[in-house]
Amino acid sequence: MKSYLKEQLGKARQLQQLLRERQQTLLQVFQALVIHQEPFFRLGPGHKQPLKLADLAEETGLAISTVSRALQHKAVGCKWGCFSAGSFLVGESAFQAAGTVTEERLQQLIRQTIQGEDKRHPLSDQAICEALERQGIHTARRTVNKYRVKMGIPAKSGRKEWE
C-alpha cells in the first residue's frame with residue numbers, strides 16, 4: 001500500500017511539473033506574439049505585422065512544432081475583439097519603401113482605392129496596382145486580382161454604374 005501511494009504521489013508531482021512547463025511555454029509564445037503584433041493591439045485591425053511561425057520559434061528558442069501546438073485552439077481577446085492565435089501569423093503580400101505590407105493591410109488599401117474610384121469609370125486591376133504604386137506599394141496585378149476576388153469585390157465591369 002505504501003509503495004502504491006509513493007508511486008501515485010510521484011505521478012502527481014510529474015503532472016504538476018508538466019503543467020508548469022506548459023504554462024511557461026504558453027507565456028513565452030504569447031509574450032513574443034504580443035510584442036511582434038504591438039501595432040495591432042495599439043491601433044487595431046489593419047496594423048498586423050508580418051510574422052511567421054519560424055520567427056516565433058527562433059525568438060522563444062522553442063521548436064516550430066511546439067510553437068504551433070501552443071497556438072492551436074487558443075484565442076486572444078483585446079479591445080478589438082477575440083481572434084484566434086493563429087490569425088496573428090501574417091505573411092508578406094507586397095513591398096513598400098519602408099518595409100513590407102501584410103495581406104490584411106493590402107486588402108484594406110485595395111478596398112479604399114476601389115471605394116474612391118469613379119463608379120462610371122471603375123479601375124481595372126492594373127489601374128489599382130498603379131494607384132498602389134503611386135503610394136509606394138509594389139505589388140503585382142495578379143495579387144490585386146487575388147485579394148479583390150477574396151474580398152468578394154466584382155471586376156471592373158461588375159462595379160460600373162450606368163447613368
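**Buried charges, ring pairs and helix packing in a predicted model**

R148 and D125 are both buried, and in this predicted model their side chains meet in a salt bridge with a nitrogen-to-oxygen distance of 2.8 Å. Because R148 lies in helix α7 (residues 141-150) and D125 in helix α6 (residues 125-134), the pair ties together parts of the chain that are 23 residues apart in sequence.

This pair belongs to a wider set of charged contacts, the count of salt bridges coming to 8. One of them joins K48 to E104, the closest N and O atoms being 3.9 Å apart, a distance that falls within the 4 Å cut-off for a salt bridge. The two residues belong to distant parts of the chain, K48 being placed in the loop between α2 and α3 and E104 in helix α5 (residues 103-115), with their positions 56 residues apart in sequence. K48 has a relative accessibility of 9% and therefore counts as buried, the limit for that class being under 20%, whereas E104, with a relative accessibility of 27%, counts as partly exposed.

A salt bridge of a more local kind is found in helix α2, where the side chains of R42 and E38 meet at 2.5 Å, N to O. Both residues lie in that helix, 4 residues apart, or about one turn of the helix. An α-helix has 3.6 residues a turn, so residues three or four places apart point the same way. R42 is exposed, with a relative accessible area of 57%, while E38 is partly exposed, with a relative accessible area of 35%. In addition to these pairs, E117, K119 and R159 are linked to one another in a network of salt bridges.

Helix α2 also takes part in contacts between aromatic rings, of which a search of the whole structure finds 5 pairs. In one of these, the ring centres of F40 and F83 are 5.2 Å apart and the ring planes stand at 85 degrees, so the pair is edge-to-face, planes over 60 degrees apart being assigned to that class. Since F40 lies in helix α2 (residues 38-43) and F83 in strand β2 (residues 81-84), the pair ties together parts that are 43 residues apart in sequence. The ring of F83 also pairs with that of F88, the centres being 6.0 Å apart and the planes at 70 degrees, so this pair too is edge-to-face. F40 is buried, with a relative accessible area of 0%, and a relative accessible area of 0% likewise places F88 among the buried residues. Taken together, ring pairs link F40, F41, F83 and F88 into a cluster.

Helix α1 comprises 35 residues (residues 2-36), and at 1.5 Å a residue it should span 51 Å; the C-alpha atoms at its ends are 52 Å apart, which agrees with that expectation. The expected value follows because the rise is multiplied by one less than the number of residues. Within this helix, T25, L26, V29, A32 and L33 are buried, and the buried residues of α1 pack against α3 (53-60), α4 (64-71) and β1 (75-78). A surface feature involves L5, which is found in helix α1: together with M1 and Y4, L5 forms a nonpolar patch on the surface, with about 390 Å² of accessible area for the three residues together.

The contacts of A70 give a residue-level view of the packing between helices. A70 is found in helix α4 and is buried, with a relative accessible area of 6%. When residues up to four places away in sequence are not counted, A70 touches L26, V29 and F30, and among these, L26 and V29 are buried residues of α1. A70 and A85, which are 15 residues apart in sequence, have their C-alpha atoms 9.1 Å apart in space.

The loop between α4 and β1 contains H73, a residue that has a positive phi of about 60 degrees although it is not a glycine. With a relative accessibility of 83%, H73 counts as exposed, whereas A70 in helix α4 is buried.

Technical notes: Residues are numbered from 1 along each chain as its sequence is written. This is a predicted model: local features need pLDDT of at least 70, side-chain atom pairs count only at pLDDT 80 or more; totals for chains, interfaces and linings use all residues. Side-chain values use heavy atoms; hydrogens and water are left out. Buried means under 20% relative accessible area, exposed over 50%, partly exposed in between (1.4 Å probe, protein chains only). Contact means heavy atoms within 4.5 Å. Patches are made of residues with over 30% relative accessible area and no salt bridge: like charges are joined within 9 Å, nonpolar side chains (Val, Leu, Ile, Met, Phe, Trp, Tyr) within 5 Å. Accessible areas come from the Shrake-Rupley method with a 1.4 Å probe; for residues, only the protein chains shown count as cover. Rings of Phe, Tyr and Trp (its six-membered ring) pair if their centres lie within 6.5 Å; planes under 30 degrees apart count as stacked, over 60 as edge-to-face and the rest as tilted.
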